[in-house]
Amino acid sequence: MFEIEQERPEHAAAIEALLDLSFGPGRYAKTAQRLREGNTAVPELCYVAFANEVTDHGVERRMVGALSFWPIVIGGVDGLMLGPLAVEPQLRGKGCGINLMRRGLADAKALGYRLVILVGDEPYYVKVGFGPVPPGRLTMPGPVDPNRLLYRELDLGAFGHAHGPITKPLPKRAAEEAKAESA
Ligand SMILES: CC(C)(COP(=O)(O)OP(=O)(O)OC[C@H]1O[C@@H](n2cnc3c(N)ncnc32)[C@H](O)[C@@H]1OP(=O)(O)O)[C@@H](O)C(=O)NCCC(=O)NCCS
């Protein structure tokens, strides 16, 4: 029912419209946004979902879902933040969100990522293997409801190494310098 593709530049306007519709203007004020500002989503892990709908004018192909993953450091472990995830209101409840996440999590694992976090409703994300971060274990760069901070391992045991702040990755040059210093 849904066709999932990697995001391309020409999808950008439709994705922005879908995110505005789904989250409203408050989306830029969320703490998760602090981890996206000045950061770049992993291009291979940005997806759009299309649905074919029969209309009076024939079959119409529309973008109805979007998902991206962002590189972050999760308490010392290189990982990803999942989201934003949005599905067009009329097509919710038909599996689009879950399919987007399954595809993204499988690709992220194949790319070697070990750990993913997100801020969201546990009863939904438990369907794709997320669980709650134990209180006090990880800190976001701003206020979040601790019950909504969730994680999923892509590599068994990766979460065991994650303690402390969740941050954006260091810029490449600073990361290389830090590596050279510690060598
Ligand atoms: C959340 C969202 C992406 C789900 O997409 P979707 O395509 O409707 O989800 P799916 O069809 O894959 O999954 C539907 C199932 O999840 C459940 N579900 C959906 N949202 C839920 C939520 N917030 N909490 C608990 N369960 C939820 C549905 O009841 C349904 O359950 P069922 O399969 O047992 O009937 C979509 O509702 C949306 O875009 N919402 C607005 C933006 C948003 O809140 N994004 C998530 C940020 S945390």
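The sulfur of C46 lies 15 Å from the closest cysteine sulfur, that of C96, so the gap is too far for a bond. This is a predicted model. Taken from the other end, the sulfur of C96 has its closest cysteine sulfur in C46, again at 15 Å and too far for a bond. A disulfide is a covalent bond between the sulfur atoms of two cysteines. The cut-off for such a pair of cysteine sulfur atoms is 2.5 Å. By that rule the count of disulfides is zero. C46 is buried, at 6% relative accessible area. C96 is buried too, at 2% relative accessibility.

**Accessibility of selected residues**

The residues below recur in this report.

| Residue | Relative accessible area | Class |
|---|---|---|
| C46 | 6% | buried |
| C96 | 2% | buried |
| S68 | 9% | buried |
| Y124 | 29% | partly exposed |
| P169 | 32% | partly exposed |
| G26 | 40% | partly exposed |

**Nonpolar cores**

The largest nonpolar core has 27 residues. Which of them touch the most other members? They are F69, L82, M101, L105, V116, Y125 and F130. Five elements give two or more residues each to this core: the strands β2 (46–55), β3 (58–74), β4 (77–87) and β5 (115–119), and the helix α3 (96–110). Helix α3 gives the most, with six residues.

M101 has contacts beyond its sequence neighbours within four places. Its partners are L67, L82, L85, Y124, Y125 and V128. Apart from the largest core lies another, of 19 residues. Its members include A41, I74, V77 and I117.

**Strand β3 and the cis peptide bond**

S68 sits in strand β3. S68 is buried, because its relative accessible area is 9% and the buried class covers values under 20%. Setting aside neighbours within four places in sequence, S68 contacts A41, L45, C46, M81, L82, G83 and P84. Two of these partners, G83 and P84, are joined by a cis peptide bond. Omega there is near 10 degrees. P84 itself lies in strand β4. C46, whose sulfur was discussed above, is also among the partners of S68.

**The ligand site**

Around the ligand there are 19 residues. V87, G93, G95, I98 and D121 come nearest. Which backbone atoms lie at short range from ligand oxygen atoms? G93 places a backbone N or O atom 2.7 Å from an oxygen atom of the ligand. For G95, a polar backbone atom is 2.6 Å from a ligand oxygen atom. Y124 brings in a side chain: one of its N or O atoms there is 3.0 Å from an oxygen atom of the ligand. Alone, the ligand exposes 910 Å². The protein buries 64% of that area.

Y124 belongs to helix α4, which spans residues 122–125. Is Y124 buried, partly exposed or exposed? Y124 is partly exposed, because its relative accessible area is 29%. Not counting residues up to four places away in sequence, Y124 touches L85, G97, I98 and M101. I98 is 26 residues from Y124 along the chain, and their C-alpha atoms are 9.0 Å apart. I98 is also one of the residues that come nearest the ligand. M101, another partner of Y124, is one of the core residues that touch the most other members.

**Two loop residues**

G26 lies in the loop between α1 (12–23) and α2 (31–34). At 40% relative accessibility, G26 counts as partly exposed. L100 is 74 residues from G26 along the chain. The C-alpha atoms of the two are separated by 23 Å.

P169 is in the loop between β9 (164–167) and α5 (172–182). P169 is partly exposed, with a relative accessible area of 32%. Which residues does P169 contact, leaving aside its neighbours within four places in sequence? They are N39, P71, I72 and V73. L156 is 13 residues from P169 in sequence. From C-alpha to C-alpha, P169 and L156 are 22 Å apart.

Key. Residues numbered from 1 in each chain as written. Predicted model: local features only at pLDDT ≥ 70, side-chain atom pairs only at ≥ 80, totals over all residues. Heavy atoms only, no water. Core = buried A, V, L, I, M, F, W, Y, C linked by side-chain atoms within 4.5 Å. Buried < 20%, exposed > 50% of the residue type's maximum accessible area, 1.4 Å probe, protein only. Helix = DSSP H or I, 4+ residues; strand = E, 2+ residues; numbered from the N terminus. Contact = heavy atoms within 4.5 Å. Near = heavy atom within 4 Å. Polar contact = N/O pair within 3.5 Å; in protein donor to acceptor, adjacent residues only side chain to side chain. Areas by Shrake-Rupley, 256 points an atom, 1.4 Å probe, with all protein chains shown as cover.
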